[in-house]
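Student: I should like to learn how the features of a structural model are to be read. May we work through an example together?

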Amino acid sequence: MKSHEKIRKIREEKKWSQEELANKLVLSTNGYAKIERGETRLTLSRLFQLAEIFKLDIFELIQGDIQYMGERVASHINHECDLVVYSATEHKNLIQEIEKLKLIIQHQETLLAQQTRELNLAQKILAIYEQNIMD
């Protein structure tokens, strides 16, 4: 599915009219309709804006626009916003690395929550201790 088709589908799933989404994008309804029809080339800033409105990762919006040449290839945008093409193997390795990083982040968030609970408990124990000393 191409980006413009995905945008229309997501808008419809959210039960937003074209006019509502156009307002969120600060566009005319006609200008937005051209995006959905694929008549307007989406800029990177517009893609980021749509991803933010839809609460999606930008790559979820452009996933359908990935081109296949001979061997399957996947695209990704680097820091200079140039299009970089990876082989299917490289793409798979990048996906695996991203998944590992997501697991690490999730684990760190769990540890942080546990430390917060322990800190709160330590503060309660200290408050009880200080109360007992005063009595």
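**Reading helix packing in a predicted model**

Tutor: Let us begin with the surface: the protein exposes about 10,400 Å², and carbon and sulfur atoms supply 54% of that area. Please keep in mind that this is a predicted model.

Student: How many helices and strands does the protein have, and in what pattern do they follow along the sequence?

Tutor: The secondary structure amounts to six helices and two strands. Along the sequence the pattern reads α-α-α-α-α-β-β-α.

Student: What share of the residues counts as buried?

Tutor: Of the 135 residues of the protein, 19% are buried, where buried means under 20% relative accessible area. As to contacts between residues at least 6 apart in sequence, 39% of them join residues at least 24 apart.

Student: How should one read the buried residues of a helix? Which are they in helix 1?

Tutor: The general idea is periodicity: an α-helix has 3.6 residues a turn, so residues three or four places apart point the same way. In helix 1 the buried residues are Ser3, His4, Lys6, Ile7, Ile10 and Arg11. These residues span an arc of only 160° around the axis, and therefore lie on the same side of helix 1.

Student: What do the buried residues of helix 1 pack against, and what follows the helix?

Tutor: They pack against helix 2, helix 3, helix 4 and helix 5 (58-62). Helix 1 is followed by Lys15, which has a positive phi, near 60°.

Student: Which residues of helix 2 are buried, and why do they line one face of the helix?

Tutor: Leu21, Ala22 and Leu25 are the buried residues of helix 2. Viewed down the axis of helix 2, they fall within an arc of 105°, so they line one face. Their cover includes helix 1 (3-13), helix 3 (29-37) and helix 4. After helix 2 comes Val26, whose phi is also positive, near 55°.

Student: How is the packing of two helices described, and what is the case for helix 2 and helix 4?

Tutor: Two packed helices are described by the angle between their axes and the distance between the axes. Here the axes of helix 2 (residues 18-25) and helix 4 (residues 44-54) come within 10 Å and cross at roughly 115°. The crossing of helix 2 and helix 4 is right-handed.

Student: Which residues meet in this contact?

Tutor: From helix 2, Leu21, Lys24 and Leu25 meet Arg46, Gln49, Leu50, Ile53 and Phe54 of helix 4. The residues of this contact comprise five nonpolar, one polar and two charged. Leu21 and Leu25 thus appear in both lists: they are buried in helix 2 and take part in the contact with helix 4.

Key. Residues are numbered from 1 along each chain as its sequence is written. This is a predicted model: local features need pLDDT of at least 70, side-chain atom pairs count only at pLDDT 80 or more; totals for chains, interfaces and linings use all residues. Side-chain values use heavy atoms; hydrogens and water are left out. Helices (H or I, at least four residues) and strands (E, at least two) are DSSP runs, numbered from the N terminus. Buried means under 20% relative accessible area, exposed over 50%, partly exposed in between (1.4 Å probe, protein chains only). Contact means heavy atoms within 4.5 Å. Accessible areas come from the Shrake-Rupley method with a 1.4 Å probe; for residues, only the protein chains shown count as cover. Axes are lines fitted to C-alpha atoms, for helices over the stretch in contact, and angles run from 0 to 180 degrees between N-to-C directions. A crossing is left-handed if the near helix is turned anticlockwise from the far one by less than a right angle, and right-handed if clockwise. Ala, Val, Leu, Ile, Met, Phe, Trp, Tyr, Cys and Pro count as nonpolar, Asp, Glu, Lys and Arg as charged, and the others, Gly among them, as polar. The arc is that of the directions from the helix axis to the C-beta atoms.
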